[in-house]
Amino acid sequence: MWLTHNGRRCVELNDRVFERLLTFYPEENLLTRKVPADALASGEISLSALKAEANRLFIPWQMFLLNMPRLRHHLRNIERNRRDKIRIAALSRRAGRVGAAPNRLIDRHIRAQNFLVSNGTYAPNAYNGMLRGMTAIDSVDAIVNHFSIDRDTFWRKSRKEEAFAYLVEIVQGGQVNVALGTSESRLVPSSANHKLLYKNVSGFCLKDEHVPFIFVNMNMADDEEPAGRRIYTLVYLLTLVGLGIYTLTRDWRPGRPISEADPYLKHAHVITSEFLLPTVDLDPYRGKPITPEIVMGLSGQYKLTPTAVLFRLWKEKLITKNERDTLIKPVPPRKSRGWPSYIDTAVRKFNGALVFGSVNAEFAARRITQNQAQYILFGRIRRTAWRQYRSRLRL
C-alpha cells in the first residue's frame with residue numbers, strides 16, 4: 001500500500017502492518033470503517049487521511065510506518081503487560097456482545113498506571129489481597145478501617161451522586177486510583193461500534209503492588225438511576241482488589257447468574273451488599289409486609305438501586321422470589337441536561353486524581369514533555385485541548 005502526499009506516492013506501507021494495527025483489538029471491527037477499507041481496496045492512502053483516521057482511533061499514525069518485527073515486539077509488550085494486570089478470563093458476562101472486552105481502554109489505563117508508579121514514590125499497598133479468607137462482616141470492617149470510611153457520613157448524603165463522590169475521594173486517599181469514564185470530552189474513540197463496546201461495561205480493576213486501579217463506567221447501560229449502580233460497582237471492584245482479583249465486569253444486575261470462573265466473585269457480591277446495607281439493619285423488617293415505599297426508602301437511605309434492595313431482601317428471606325420480581329417496576333433513567341465539564345475536570349475524572357496530579361507535577365517540573373503528558377491524559381495529541389488544559393491549570 002502506498003502512502004501519498006499532494007497526489008504523489010511517497011512511502012510504501014507494509015499491508016500486514018496496516019492490517020495488524022487495525023485488528024489488534026478485533027472487538028472494535030476497525031477494518032469495516034470506510035477509510036481503512038478504501039485504502040486496502042485501492043492500495044493507497046493519503047497522509048492526511050491516515051493522520052485523521054489514526055487520530056479518531058487513538059493510534060499514533062507513525063506506527064503505520066513500522067516494519068513487522070518492530071510492530072510485533074511492541075504489541076507483544078502490550079499483551080504481556082495486560083496479562084500481568086487483569087484477568088479477562090474471569091469476566092462477568094452479561095448483556096451485549098458476549099466476551100467482548102474494551103482492551104484499548106484497559107491498555108490505556110495500564111499505561112497510566114505504569115507511569116504513576118514508575119517514579120517509586122508509593123509504598124506497597126497493604127490492601128491488596130487483604131480480604132482473602134475473611135468472612136463478609138470481617139471484610140466490611142477491614143475495608144472501613146483501612147480506608148477510614150465513615151459509613152454514617154456516606155449514608156447521610158442527600159443525593160447518591162454526593163455519596164458516590166465521597167467514596168471516590170476516600171478510596172483514592174487510600175492509594176487506589178479511581179478513574180471514571182467513558183464518553184466525556186472525547187477522551188476515548190467515539191465511533192458507533194466503540195459506544196456499543198463500552199455500553200454494558202460496568203468497570204474493571206488493574207493489579208499493582210503499589211497503586212491498584214479501579215475504573216467505573218459513568219455511562220453504563222442501566223434500567224434504573226445510574227448513581228446507585230456506580231456506587232455498587234465502585235464498592236464491588238474495591239472488594240475485588242481486597243480479594244486479590246483483577247477483572248472486568250459487564251452490566252451485572254442482582255439476581256442474574258455470576259460467572260463460575262472464580263469462586264471469589266460471588267463472595268465479593270456478598271461483601272458489597274453487606275457494606276452497603278448491613279444485615280443487622282434489615283432485622284426490623286423481618287416478619288413484616290414489604291411495600292414499595294419501604295423499598296424506595298431503603299434505596300435512598302443506603303444508596304442502593306431499588307433492584308439491589310429487592311435482591312438483598314430476597315437473599316435475607318424477607319420477600320419471596322415472586323415479590324422480588326414484581327414489587328417495583330424498573331424506571332427508565334432520566335437523561336442528564338448538565339453542562340459539559342471543563343477539560344481539566346473531564347481529564348481528572350477519566351484518569352483519576354492520582355494520575356492527574358502526578359502528570360501535572362511531572363510536566364510542571366519539565367521531567368516529561370507535553371507530548372508525553374497528552375498521550376497519558378488524552379490518549380493522543382490534541383493541541384487545542386492541551387492549550388485549554390494548560391491555561392486552566394496555569395501549567
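Student: Are Tyr-127 and Phe-147 buried or exposed?

Tutor: This is a predicted model, in which local features need pLDDT of at least 70 and side-chain atom pairs count only at pLDDT 80 or more, whereas totals for chains, interfaces and linings use all residues. Residues are numbered from 1 along each chain as its sequence is written, and side-chain values use heavy atoms, with hydrogens and water left out. The scale is relative accessible area for protein chains only with a 1.4 Å probe: under 20% is buried, over 50% exposed, and partly exposed lies in between. By this scale, Tyr-127 and Phe-147 are both buried.

Student: How many aromatic pairs does the whole structure hold?

Tutor: Rings of Phe, Tyr and Trp (its six-membered ring) pair if their centres lie within 6.5 Å; planes under 30 degrees apart count as stacked, over 60 as edge-to-face and the rest as tilted. A search of the whole structure on that basis gives a number of aromatic pairs equal to 12.

Student: What is the geometry of the pair Tyr-127 and Phe-147, and how many residues apart in sequence are the parts it ties together?

Tutor: The pair is edge-to-face, at 4.8 Å centre to centre with 75° between the planes. Helices (H or I, at least four residues) and strands (E, at least two) are DSSP runs numbered from the N terminus. Tyr-127 lies in the loop between helix H5 (103–118) and helix H6 (136–147) and Phe-147 in helix H6, so the separation in sequence of the parts tied together is 20 residues.

Student: Which residue lies over the face of Phe-378?

Tutor: Phe-378 forms an edge-to-face pair with Trp-386, at 6.1 Å centre to centre and 80° between the planes, and both residues are buried. Ring pairs also link these two with Phe-356, Phe-363 and Tyr-389 in a cluster. A charge sits over a ring if NZ of Lys or CZ of Arg is within 6 Å of the ring centre and within 35 degrees of the ring normal. At 5.7 Å from the ring centre of Phe-378, the residue over its face is Arg-382.

Student: Why is helix H13 (residues 306–315) described as largely enclosed, and what covers its buried residues?

Tutor: Seven of the 10 residues of H13 are buried, so the helix is largely enclosed by the rest of the structure. Among the buried residues are Val-309, Phe-311 and Leu-313. With contact taken as heavy atoms within 4.5 Å, the cover includes helix H11 (264–276), helix H12 (292–302) and helix H14 (321–326).

Student: Is Lys-317, in the loop between H13 and H14, buried or exposed?

Tutor: Lys-317 follows H13 and has a positive phi, near 65°. Its C-alpha is 9.7 Å from that of Gly-287, although the two are 30 residues apart in sequence. Because its relative accessibility is 74%, Lys-317 counts as exposed.

Student: Which helix gives the most to the largest nonpolar core?

Tutor: A nonpolar core is a set of buried Ala, Val, Leu, Ile, Met, Phe, Trp, Tyr and Cys residues joined through side-chain atoms within 4.5 Å. The largest has 55 residues, and those with the most contacts inside it are Ile-143, Ile-214 and Leu-313. With 10 residues, the helix that gives the most to this core is H10 (residues 226–243).
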